Amino acid sequence: MAFKATLSRREFVKGTSGLLVAFSLTDSGVLPRLLAATPTETVDSPSPDRLDSWLQINPDGSVRVFTGKVEIGMGVETALAQIVAEELDVRPVQITFVMGDTSRTVDQGGVGGSTSIMLGAQPLRNAAATARQLLTELASRRLGVSPDQLEVRDGVVAVKGQSTRSISYGELAGAIDTNDVLKATGQGFALNVKGTGQPKDVSSYSVVGKSLPRVDMSPKILGQWQYVTDVRVPGMLHGRVVRPADTGAQLVSVEESSAREIPGYVKTVVKGNFVGVVAETEWAAMRAARALKVVWTQPEPVFPEQQHLYEQMRSVTPKSSKETLSKGEAATALSAAAKKVAAAYDWPFQSHATMGPGCAVADVRLDEVTTVWSGAQKPHALRKGFAELLGVPEAKVRVIWVEDAGSYGRPGFEDTAADAVLLSQAAGRPVRVQWSRADMTAWGAKGPAVVYDMAAGLDVRGEVTAFQFTSRAFSGGDIMYLPASAGNYLGAQLTGVRNTTGVDEFAQWGEGTMAYRFPNIHADAHVLPAFFATASPLRTTHLRDPEGPATTFAGESFLDEVAAAAEVDPIEFRLRYLDDERLRAALTTAAKTYGWVSRPSPQKLGSRADTATGRGVAIALRGGTRVATIAEVEVNRRTGALRVKRLVCVHDCGLIINPEALGGTIEANLIQSLSRSLKEEVAFDRSRVTSIDWNTYPVARSSDVPDRVEIVLLNHPEIAPTGAGEPSTRPTAAAINNAIFDATGARVRQAPLTPARVLAALRSSGPA
Amino acid sequence: MSPLALKVNGRAHMVDVDPQCPLLYVLRDNLALNNPRFGCGLGQCGACTVLLDGRAVRSCRLPVSLAAGKEILTLEGLGSEGNPHPVQRAFIDEQAFQCGYCLNGWVLTAKVLLEKNPHPTDAEIRSAFAGLVCRCGSHVGIFNAVRRAAQSGKAGA
Ligand code: FES
Ligand code: FES
């Protein structure tokens with residue numbers, strides 16, 4: 001495993017011939033391992049129809065795989081290695097990866113939407129199958145036997161039953177012509193290639209489906225891993241940025257003199273409202289940024305009072321609106337209903353608040369090639385954006401992805417890199433920018449706030465006859481998830497570049513996620529105008545499963561209200577309206593694993609003790625993946641304090657590549673989504689975001705972690721794998737919320753589920 | 001700027017730095033040690049944890065001058081590939097992390113905890129970790145790793 005990390009991060013390509021790669025290992029000491037020979041001419045991404053764009057074989061038989069997908073801390077590199085090893089008949093440890101280097105990997109759209117395995121693995125699988133076929137055909141000619149008499153093990157092709165008559169991939173690879181071997185279709189996430197090689201049948205898999213250790217885990221724990229924070233380039237300066245005091249403030253003046261006294265200070269960079277400093281050392285840059293006297297205008301406040309946010313969201317005229325689902329006559333059926341339930345739910349702005357606040361190194365060379373090292377999820381898109389920002393052709397920009405902290409969407413690593421580009425351009429030297437905690441938590445783009453209004457009608461038998469759903473959201477696409485334009489970046493916006501690539505993204509109760517079969521449904525969705533168009537700290541973007549957790553919180557909490565009105569057990573009630581077999585199976589498996597006893601919520605309160613315990617369920621369907629989560633919660637009725645004691649999550653994403661790594665990702669996802677459910681809410685005043693650190697933007701800590709977290713994976717080898725990075729984020733908040741209701745009869749309708757909100761709900765639900 | 005003698009992972013170094021500069025930046029930028037990581041610079045998360053004379057400290061807030069003359073241990077110095085520290089072994093066996101950016105705090109705090117208390121209860125584990133952040137939510141794997149290390153009985157060594 002460490003072999004892999006060492007190799008892939010230190011290799012220098014000398015040139016290739018056919019499928020064979022000639023390389024030398026160079027360990028140049030501590031500095032700078034990641035500085036692979038930067039080409040000085042053009043640096044175009046390789047063409048997808050060449051086989052060696054996807055994989056190359058070293059003389060020793062080890063295999064290098066090139067992919068535009070990147071690792072964001074969930075183990076995708078290991079899963080991709082298993083998929084390629086399976087098709088190629090090599091051992092996974094023989095595989096090393098080059099990920100997300102725009103001049104060495106095909107543009108696969110980067111990482112997003114939980115698609116890396118679902119879509120991103122396909123071209124690799126097909127390329128590997130084709131490589132295996134070409135290699136075996138060649139071996140058959142060299143060994144003088146027909147291909148069906150050959151078998152491949154660990155990259156050695158041998159005559160069946162005669163292991164001495166063999167030839168290795170390393171010996172064959174140089175003679176394989178890789179030109180035009182593959183046919184490419186689609187683009188970005190959907191890019192696929194096909195060759196003459198047929199991928200194996202799932203029934204013959206021996207590597208896929210195994211719990212191999214993650215390739216990055218051991219070197220990380222041993223302290224040998226290099227993140228983008230550890231990229232060091234000769235001549236590199238350190239940069240820090242200074243943000244406007246208030247949203248919309250214009251720069252009045254910058255007084256450099258106090259910064260100048262700091263040893264190592266190099267210069268202050270001002271471009272419009274973008275202000276930064278560069279210095280010889282990180283410490284000097286931090287001190288200089290603090291010492292700089294920057295005067296800003298005091299503009300009119302652009303945000304509402306936070307306590308009026310949701311009212312304001314319900315009253316403002318939407319920017320755009322659409323009907324996302326219409327079936328039957330919901331309005332008519334609702335007015336004819338024997339019993340009506342209506343409720344409003346609210347979800348706050350949330351911050352990615354990544355563990356490392358974002359780091360990048362940029363070496364801008366306008367007359368040569370600009371190189372940017374960044375941990376953002378979509379390196380090829382960054383390349384386009386930086387070319388625009390610098391006003392140079394794309395062929396003059398190379399982005400090299402190096403892992404940063406877990407990113408969960410579009411956190412701001414993109415903006416960090418743009419800051420580095422702006423500072424390097426002005427300084428004429430390579431610049432490393434490390435964002436501060438406040439840069440990330442307060443100034444990173446946010447997951448959007450959303451409000452929901454729902455109503456349902458029941459007939460006399462307690463059957464749902466009508467369902468209505470309306471959402472009003474800030475757009476998760478205001479800052480486009482593809483950071484492929486200059487206006488996408490905070491720093492560029494501060495220099496005056498406008499964001500022109502935003503799109504309206506709706507919080508939908510639509511076809512894709514609609515799992516319940518009610519006879520009459522009407523759903524519409526609205527996108528609200530942003531409070532402020534340029535460089536707003538409340539600008540919105542993708543945060544792990546864009547609007548999914550919010551919509552599932554609202555929809556699945558409300559469904560529980562309807563089940564309670566019908567006086568039916570919440571699982572039984574859901575099953576009545578669910579056709580999807582796999583979702584039904586996930587739900588019933590969750591019930592069995594938990595030991596769910598059928599009864600309506602809330603429980604009948606036998607005692608008046610301070611604490612009450614309840615259980616709640618929620619389900620989600622996302623991009624083909626099914627999830628059912630059950631939470632058990634203990635609530636203190638006097639204080640509103642709550643503790644999630646147990647989580648059970650059943651997860652079905654089709655074929656499982658690596659059960660242990662998948663389980664780990666889901667487990668962590670449950671804790672992160674628990675954090676978002678219980679704690680996370682971006683605070684702001686009328687001019688600024690006031691969540692600036694871990695105290696003002698609290699997240700789950702060790703004391704919040706449930707005593708028991710149980711994951712059940714339902715494997716479907718016959719179904720192509722779907723995503724796993726995001727789906728289990730969805731049901732957690734509603735499952736916890738429904739457990740609070742089950743325990744106490746009090747219904748919370750705003751996230752996060754803080755003690756204050758629980759207490760308020762307890763008070764308004766009458767005497768307990 | 002003034003010259004300072006530091007002892008890191010058993011090796012002596014002379015550095016010429018502002019004595020007020022936090023230890024974190026000296027380790028990272030002057031000595032090219034990657035492992036103490038910048039998470040907040042505010043003492044709130046633990047990503048910058050190193051051991052100072054065997055105690056877990058947050059290097060982002062500690063002026064380097066206060067570390068002079070003490071034994072500084074970073075994650076790099078804890079164990080090696082062929083000979084991981086038993087606590088590292090347990091974290092590897094549990095595949096405990098997601099991105100791993102936070103892990104200096106968790107692994108080094110676990111080491112200190114198990115030295116003092118070789119068989120901590122769940123409550124003691126949680127309270128030892130109270131000041132640490134893992135944004136990915138790897139806590140369940142982390143707690144399992146601590147239990148595993150405790151069971152191995154070697155972690156206090
Ligand atoms: S970086 Fe030192 S505690 Fe967060
Ligand atoms: S594993 Fe990513 S922050 Fe802990």
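## A first look around chains A and B

Leaving out neighbours within four places in sequence, A:Ala81 touches A:Ile95 and A:Phe97. That is a handy place to begin a visit to this structure, which is a predicted model.

Where does A:Ala81 sit? Its home is helix α2 of chain A, which covers residues 76-88. Is A:Ala81 buried or exposed? With a relative accessible area of 4%, A:Ala81 is buried, because the cut-off for that word is under 20%. You can also look from here towards A:Leu51: the two residues are 30 apart in sequence, and their C-alpha atoms lie 17 Å apart in space.

Now step back and take in chain A as a whole. Its secondary structure comprises 19 helices and 30 strands. Along the principal axes, the C-alpha atoms fill a box of roughly 80 × 75 × 45 Å. A compact globule of 768 residues would have a radius of gyration near 27 Å, so the 28 Å of chain A agrees with that expectation.

Here are some overall values for chain A in one place.

| Property of chain A | Value |
|---|---|
| Share of the 768 residues that count as buried | 63% |
| Exposed area | about 25800 Å² |
| Share of the exposed area from carbon and sulfur atoms | 51% |
| Distance between the mean positions of the 82 positive and 82 negative charges | 2 Å |

How does the chain connect with itself? Take the contacts in chain A between residues at least 6 apart in sequence: 78% of them join residues at least 24 apart.

Another helix worth a visit is α19 of chain A, made of residues 755-764. Which of its residues are buried? They are A:Arg757, A:Val758, A:Leu759, A:Ala761 and A:Leu762. In an α-helix, residues three or four places apart point the same way, because there are 3.6 residues a turn. The cover over the buried residues of α19(A) includes two strands, β28 (625-636) and β29 (642-652), along with helix α18 (732-744), each from chain A.

Finally, turn to chain B. The domain assignment gives domain 1 as residues 2-75 and domain 2 as residues 86-152. How many residues does each domain of chain B bring to the contact? Domain 1 of chain B contributes 15 residues and domain 2 of chain B contributes 14 residues. Taken over C-alpha atoms, the centres of domain 1 and domain 2 of chain B are 22 Å apart.

How values were computed: Residues numbered from 1 in each chain as written. Chains lettered and ligands numbered in written order. Predicted model: local features only at pLDDT ≥ 70, side-chain atom pairs only at ≥ 80, totals over all residues. Heavy atoms only, no water. Helix = DSSP H or I, 4+ residues; strand = E, 2+ residues; numbered from the N terminus. Rg over C-alpha atoms; globule rule 2.2 N^0.38 Å. Buried < 20%, exposed > 50% of the residue type's maximum accessible area, 1.4 Å probe, protein only. Contact = heavy atoms within 4.5 Å. Areas by Shrake-Rupley, 256 points an atom, 1.4 Å probe, with all protein chains shown as cover. Lys, Arg positive; Asp, Glu negative; His and termini not counted. Charge placed at Lys NZ, Arg CZ, Asp CG, Glu CD. Domains from an automatic or database assignment.
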